Amino acid sequence: MTGAQIITQTMEQFPENELIFASKLYADQLCKAVSEETYYQTLGRMCKAGSLCRIAKGTYYRPKTSKYGIVPPSQKEIVAAFTEPDKGTVVGYSLYNSLKLTTQVAKTVEVFSSEIEQRTKNISNVLLQFCNLVYTPEVKGMIHMLEVLQNFGEIQDLNYHQFITFCEKFAQEYDGKVFEQVLQKMRYQKKTISFLRNILNHYGVENNLNKYLSALSEYKHPTMEEIYEAAYAS
């Protein structure tokens, strides 16, 4: 069997519209069987022949066709490839909307993922950012809270009642070890950590967030008292 045949046979094992990460596939399965030059030349020929499509640099898929032509991977399929099962999580307005913190939506879906090879990557209308974590439910929950707090002032049409509900649930499940795990890999502003401390203290949750903050600094963020006032002002 020739190198091109080996590569073609390997590609044909992928379901239609499943994203194929070329460098990872080569390193995991094909580096001992074919040269890198042969590998990428074959991918190029397959794309020209229509048996393979390139959706972004280093990322391919076997096309699904209908009577109207090629049906590319949907936004949902692209997001799933970088988030499931523990590969990443959605952030930004798609997150805020899913948490019912706002009814606003964005055309671009933002994702943190361990599956991309560079710092950032765009695939269709999905913006990917690399962060090397195992995205367990606990890690996702911590990232979700920190992302909401970090961008709190920029979330349009914020539902304060829903934010309070979100905080109450998070406070019940807070785990300091998970916070440290996330903070080792991701950078969050000190005012974000202070905001989180204020929430945890409000609900009587023991924490050691003081060690990340300066006793001499005053961090600008809403207090829970101000948030309750905003929620029940009308």
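Two strands count as paired if DSSP finds at least two bridges between them. Keep that in mind for these close-ups, which all come from a predicted model.

**View A. Three strands make an open sheet.** Here the strands line up in the order S1-S3-S2, and their pairing is antiparallel. At the edges sit strand S1 (20-21) and strand S2 (53-56), each with pairing on one side only.

**View B. Strand S2 meets strand S3.** Zoom in on S2 and on S3, which covers residues 59-61: the two run antiparallel, and 3 bridges join them. To find one of the links, start at Cys-53 and look across to its bridge partner in S3, Tyr-61.

**View C. Strands S8 and S9 form a hairpin.** Just 2 residues lie between these two strands, and in the turn Ser-124 has a positive phi of about 55°. S8 (residues 120-123) and S9 (residues 126-130) pair in the antiparallel sense, with 4 bridges. Thr-120, for example, has Gln-129 in S9 as its bridge partner.

**View D. Side chains take turns along strand S8.** Which side chains of S8 are buried? Lys-121 and Ile-123 are, and they point to one face of the strand. Thr-120 and Asn-122 point to the other face and are not buried.

**View E. Thr-192 is tucked into helix H9.** This threonine belongs to H9, the helix spanning residues 190-202. Why does Thr-192 count as buried? Because its relative accessibility is 1%, and buried means under 20%. Leaving out residues up to four places away in sequence, Thr-192 touches Leu-146, Leu-149 and Gln-150.

Key:
Residues numbered from 1 in each chain as written. Predicted model: local features only at pLDDT ≥ 70, side-chain atom pairs only at ≥ 80, totals over all residues. Heavy atoms only, no water. Buried < 20%, exposed > 50% of the residue type's maximum accessible area, 1.4 Å probe, protein only. Contact = heavy atoms within 4.5 Å.
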